[in-house]
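Colleague: I have a model open on my screen and would like some help reading it. Could you walk me through a few features?

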Amino acid sequence: MIKLMTPGPTQVRENVRLARSLETTNPDVDLDFCEEYKRTCDMIGEILHTKEAVYILSGEGILGLEAACASLTEAGDRVLVIDNGIYGRGFADFVSMYGGVPVLYTQPYDETICPIKLKEYLEIDHNFKYATIVHNDTPSGMTNDVQSIGKILNEYNIMSVVDSVSGMVGEYLNIDEAGLDIVCGGSQKAISAPVGLTIVTVSKRAITSMESRKTPIPAFYANLLNFKNYYVDKWFPYTMPISDIYGLRQAILNIKNEPNIISRHEKIAKATRQALIAGGLTLYGKNGYSNNVSVFQVPEGISQGQILDIMKREHGIMLSGSFGCLAGKVIRIGHMGENANLADMMDVFQGLDQTFKALGYQLTVSMKEVFKAYLV
Ligand SMILES: *Cc1c(COP(=O)(O)O)cnc(C)c1O
């Protein structure tokens, strides 16, 4: 078995896998399923600190991002696309696709968004229906301070769409405190259920905005209003993927039973960065290092492919490269959700110590020893 240490999909605990094999009922007809769905949504709301609506949609994380843009955007709407990473910029495509006008606020890709600078920009131009931002930019391992940014956007009455697909439950997130309108998550990142579901939280303000559109939402699967009355009407827009939801419910229960889950992520991430730096490697980025994924630059003279290949073949560990402007240049260790544990991360560093040795690259110290010393 290969040990999955990629930044999503992540490892899945046995009780989640077993929950997916439970006997199933008819999700359209059986009212008990509707109750289970709602209970799962309520637990998610509690974990993410929101009293707003929570929906689980059948589709991978990207569906949530598209649904947010499809449901909010009307022709000609100006949308602020906060862009300091590959996923950040990607929102511009969804905005355009649904007729909006994306206005890019582009900042360096190796720095977290500075809330003060953003405020200065908004002081001059704040005529936006909503803004998009990525919480944790997985390709670069950088986290944006969506708590502060949400509050600033609210000062200018700009709604927010947040991609927290790889952020939530590993990074601090308090949706109502920050006043975030739509927050998207995915089952396969820190939540550690298999891939296939999107989670979205939707504020009353966002729902009102959707309901007061001049034109109908040009989508069905991506129409968030289709979920608005599911509980009152006991009706879902399409047959819910019941086994996926049973799996998610168990993964969410696991999270609920671990009140210190964020500090587990923080500790593992700090120890990981210490070990990489002590070994003589260079982290990607200047600040905003993520709790959920660490990204280091591939040293000159060796290739990303060689490192990934030896890690997989000789050590049975799957790490990941990156894509876009980072393709071939960095290695990513996904330490989120079930991956964020001492034993697996010790194996990662033991593997990396030996891989660099095999490639003739001299590390300053054993990264495994530094990692261990920091945590044990
Ligand atoms: C994983 C992820 C998504 C979902 O997208 P895929 O490319 O299909 O995996 C969206 N946003 C972020 C930040 C992610 O990490």
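Modeller: Happily; we will take the ligand site, the core and the cysteines in turn. This is a predicted model, where local features need pLDDT of at least 70, side-chain atom pairs count only at pLDDT 80 or more, and totals for chains, interfaces and linings use all residues. Residues are numbered from 1 along each chain as its sequence is written, and side-chain values use heavy atoms, leaving out hydrogens and water.

Colleague: Which residues are around the ligand?

Modeller: A residue is near a molecule if one of its heavy atoms lies within 4 Å of it. Here the residues around the ligand include Glu60, Tyr87, Asn136, Thr138, Asp163 and Lys189. The shell divides into three nonpolar, three polar and three charged residues.

Colleague: Which polar side-chain atom lies 2.7 Å from an oxygen atom of the ligand?

Modeller: A polar contact is a pair of N or O atoms within 3.5 Å. Tyr87 supplies the one you ask about. For Glu60 the distance to a ligand oxygen is 2.9 Å, and for Thr138 it is 2.2 Å. Taken alone, the ligand exposes 380 Å², and the protein buries 81% of that (Shrake-Rupley method, 1.4 Å probe).

Colleague: How many residues has the largest nonpolar core?

Modeller: Such a core is a set of buried Ala, Val, Leu, Ile, Met, Phe, Trp, Tyr and Cys residues joined through side-chain atoms within 4.5 Å; buried means under 20% relative accessible area. The largest has 84 residues, and Tyr37 and Ile182 have the most contacts inside it. A second, separate core of 28 residues includes Leu276 and Phe356.

Colleague: How many disulfides are there?

Modeller: Counting pairs of cysteine sulfur atoms within 2.5 Å, the answer is zero.

Methods: Polar contact = N/O pair within 3.5 Å; in protein donor to acceptor, adjacent residues only side chain to side chain. Nonpolar A, V, L, I, M, F, W, Y, C, P; charged D, E, K, R; others polar. Buried < 20%, exposed > 50% of the residue type's maximum accessible area, 1.4 Å probe, protein only.
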